[in-house]
Amino acid sequence: MAAELEEPKKPQTAYWIWLGENRDALTKEAGTMKGSVVAKLGGEKWKGLSATAKKPFEDRSAKLKADYDTAMEKFKASGGQVGKRRLEKKEAKDAKADKKAKKEARKASLKPARPASAYWLWLGENREALAKEAGTAKPPVVAKLAGEKWKALAAAAKKPFEAKAAELKAAYDKALQEWKSSGGGEDVGGPHPCASRRLSGRGAKSCSALETRTARTTRRRRSSAEPDWPTWL
């Protein structure tokens, strides 16, 4: 299988090359390692440099830019997709924000968390052994192996986990009913969990983010053949 083409990284400008070589001295002069403070001082110093002092850095920057242009043309000629890496990074960032927003919105709503199923209880107790057998701790790989093991497990071996799951489900149903009775939103088809709370600041931002992303996240999860990996494992 051919290696995936890697998009060339944009080269540094003359200023950033100079800043990289003088960061230690600038940090010492600024009295702090805070990026914004060092960058401000660096900008002032760079602006005050003579054209002669800047020229070596500008020449290096021009050379890097020429190399970048050549590499980019080669990348595109080989079928590379410009911007793909940036898009992948953005999607990963959005996915992380989805997870955080949903967690904060659920916490704000005070809605009881769904209990683990018998399968997830069993997986929680056997995850280390499964990871060792799978040769990796990556959730998708371990979950796939676990699914196969669980499916082949005898009914007697599953029974303790099913009994525990039933107990947790009964406690969850009771807590959920109490939550609804105290003004919580409906589990299905009712108002958004954030609707029953007056939120401001981070809470409001979390709810807003969740409302705009929930549909997309749900579609993505439903299209996956593998079960979600619980955050509590």
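In this predicted model, the side chains of Asp94 and Lys90 are joined by a salt bridge, with an N to O distance of 3.0 Å. Both residues belong to helix H4, which spans residues 84-109, and they stand four residues apart, about one turn of the helix. Asp94 has a relative accessibility of 16%; because buried means under 20%, Asp94 counts as buried.

Helix H4 also carries Arg86. With a relative accessible area of 55%, Arg86 is exposed. The C-alpha atom of Arg86 lies 9.6 Å from that of Glu7, although 79 residues separate the two along the chain. Beyond helix H4, the loop that leads to helix H5 (118-134) contains Leu110. Leu110 is not a glycine, yet its phi is positive, at about 65°. The relative accessibility of Leu110 is 56%, so this residue counts as exposed.

The salt bridge in helix H4 is one of nine that a search of the whole structure finds. Another is formed by Asp67 and Lys63, whose closest N and O atoms are 2.9 Å apart. These two residues lie in helix H3 (residues 51-77), and because they are four residues apart there, about one helical turn separates them. Asp67 has a relative accessible area of 39% and is therefore partly exposed.

A further salt bridge, between Glu29 and Lys45, has its closest N and O atoms 3.1 Å apart. Glu29 is part of helix H1 and Lys45 is part of helix H2, so this pair ties together parts that are 16 residues apart in sequence. Lys45 counts as partly exposed, its relative accessibility being 36%.

The two helices tied by that bridge may now be considered as a packed pair. Two packed helices are described by the angle between their axes and the distance between the axes. For helix H1 (residues 14-30) and helix H2 (residues 35-48), the axes come within 9 Å and cross at roughly 115°. The crossing of H1 and H2 is right-handed. On the H1 side, the contact is made by Ala14, Tyr15, Trp18, Leu19, Arg23, Leu26, Thr27, Glu29 and Ala30. On the H2 side, Val37, Val38, Ala39, Leu41, Gly42, Gly43, Lys45 and Trp46 take part. By residue class, this contact comprises eleven nonpolar, three polar and three charged residues. Both partners of the salt bridge between Glu29 and Lys45 are thus among the contact residues.

The contact between H1 and H2 also includes Trp18 and Trp46, which leads to the aromatic side chains. The structure holds nine aromatic pairs. Trp18 and Trp46 form one that is tilted, with 5.6 Å from centre to centre and 50° between the planes. This pair links distant parts of the chain, since Trp18 lies in helix H1 and Trp46 in helix H2, 28 residues apart. Both tryptophans, Trp18 and Trp46, are buried.

Trp46 has a second aromatic partner, Phe57. The ring centres of Trp46 and Phe57 are 6.4 Å apart and their planes stand at 75°, so the pair is edge-to-face. Here the cut-off matters, because planes over 60 degrees apart count as edge-to-face. Trp46 belongs to helix H2 and Phe57 to helix H3, so the pair ties together parts that are eleven residues apart in sequence. The relative accessible area of Trp46 is 13%, and this residue is buried. Phe57, at 11% relative accessibility, likewise counts as buried. Trp18, Trp46 and Phe57 belong to one aromatic cluster, which also includes Tyr15 and Trp16.

These details are set within a helical chain. The secondary structure of the protein chain comes to eight helices and zero strands. From the N terminus on, its elements run α-α-α-α-α-α-α-α. Of the 233 residues in the protein chain, 25% are buried; Asp94, Trp46 and Phe57 are among the buried residues. Among contacts in the chain with a separation of 6 or more, 69% are between residues 24 or more positions apart.

How values were computed
Residues are numbered from 1 along each chain as its sequence is written. This is a predicted model: local features need pLDDT of at least 70, side-chain atom pairs count only at pLDDT 80 or more; totals for chains, interfaces and linings use all residues. Side-chain values use heavy atoms; hydrogens and water are left out. Axes are lines fitted to C-alpha atoms, for helices over the stretch in contact, and angles run from 0 to 180 degrees between N-to-C directions. A crossing is left-handed if the near helix is turned anticlockwise from the far one by less than a right angle, and right-handed if clockwise. Contact means heavy atoms within 4.5 Å. Ala, Val, Leu, Ile, Met, Phe, Trp, Tyr, Cys and Pro count as nonpolar, Asp, Glu, Lys and Arg as charged, and the others, Gly among them, as polar. A salt bridge is a side-chain nitrogen of Lys or Arg within 4 Å of a carboxyl oxygen of Asp or Glu. Buried means under 20% relative accessible area, exposed over 50%, partly exposed in between (1.4 Å probe, protein chains only). Rings of Phe, Tyr and Trp (its six-membered ring) pair if their centres lie within 6.5 Å; planes under 30 degrees apart count as stacked, over 60 as edge-to-face and the rest as tilted.
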